[in-house]
Amino acid sequence: MTKAFIAVILMALVTYIPRVLPLAVFRKEIRSPYIKTFLYYVPYAVLGALTFPDIFSSTGNLYPAICGTGIALLLAYFERSLVVVALGAILTVFLTSFLF
Amino acid sequence: MKQNHFKYGFRRGIPIALGYIPVSFTFGLMAVNGGLPVWLAIFISATNLTSAGQFAGTNLIFASAGYFEIALTTFIINIRYMLMSLSLSQKIDGSVTLLKRLFIGFGVTDEIFSVASMETGKLSASYMFGLISGPFAGWTLGTAAGALICSALPEALSNAMGIALYGMFIAIIIPPARKSKSVLCIVLFAIVINCLLKYAPIFSFISAGFRVIISTITAAGVGAVLFPMKEESDAKEVAK
């Protein structure tokens, strides 16, 4: 278990460093409109790439995952909250997993 | 005033905290099923506070991988936080001290970053602490619940919970993508690149973490050329 503990400490460090470094070191205001726009678009691009296509393999079974994704997209389109969208997706996957 | 910032931030963090519970619950289940003691599962969530990175790292611990491989894989998955942290460094009020920044940095997760970066105006330290505290509690307590309940949950339900994290991502990106064509284009572009890197055999050497980084930089980079923002003052006024 000592080995696992050391591994966890290492994981914590390599997670913390990229998060804190720019925030702590970089104080200047970026003037370039290009870089500003780039940074503004980053969260959307990151979340898109994190979600697709990996969402389809997130439940161990493709078809329920597709149904869950559909419901999540629909609920999000109608601007439901994070929790409603997440729970709606879970419930859909759970129920449809008995069909496939 | 400061009290208000904290409260406002905390309120903004509540949906994230609730969304984290099923995800961290799944993590707790997985960690204890794999053989880790309950306290270590909770310790991982409290010190790592990240989804993809700690799931991957924990799987590698189960596979008895070496320290270097575990650290490198986790690091690669987490490099995307550098972009987010850099982006946040532009939003955080200049007067926020280094010590406070060290704490704020700990709380930069995909969701916290997204919510913070969509606020208008500069962000105070109190706001960030408020925003971070709920999700931190949700993530840690969810893990504890999953680790303790462990085997009592039917498999179909624990499988279904795997989609929770992605559901939250969708809930964050769809509303702005609906309102701004440029955001929609960038999201779709990032997804196309990511799929290409994942499924095209010539790119099979690229790990999941790097895939996300390459897709993000390319999509946001090309997007910034195609859809420049009109004025710095209002990020919401992106070219429609």
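## Contact between chains A and B and the core they share

In the contact between the two chains, 65 residues come from chain A and 88 residues from chain B, where two residues are in contact if their C-beta atoms, placed from the backbone, lie within 7 Å. The elements of chain A that give two or more residues to the side touching chain B are listed below; helices are DSSP runs (H or I, at least four residues), numbered from the N terminus.

| Element of chain A | Residues |
|---|---|
| helix 1 | 2-25 |
| helix 2 | 33-51 |
| helix 3 | 62-77 |
| helix 4 | 82-96 |

By class, this side of chain A holds 49 nonpolar, 10 polar and 6 charged residues, with Ala, Val, Leu, Ile, Met, Phe, Trp, Tyr, Cys and Pro counted as nonpolar, Asp, Glu, Lys and Arg as charged, and the others, Gly among them, as polar.

This is a predicted model, in which local features need pLDDT of at least 70 and side-chain atom pairs count only at pLDDT 80 or more, while totals for chains, interfaces and linings use all residues. Residues are numbered from 1 along each chain as its sequence is written, and chains are lettered from A in the order in which they are written.

The largest nonpolar core (buried Ala, Val, Leu, Ile, Met, Phe, Trp, Tyr and Cys residues joined through C-beta atoms within 7 Å, buried meaning 20 or more other C-beta atoms within 10 Å of a residue's own) has 107 residues, and A45(A) and I186(B) are among those with the most contacts inside it. Helix 1 (residues 2-33) of chain B supplies its largest share, 12 residues. Because domain 1 (2-161) and domain 2 (180-240) of chain B both give residues to this core, it lies between them; the domain bounds come from an automatic or database domain assignment.

Definitions and conventions. A residue is buried if 20 or more other C-beta atoms lie within 10 Å of its own, exposed if 12 or fewer, and partly exposed in between; C-beta atoms are placed from the backbone.
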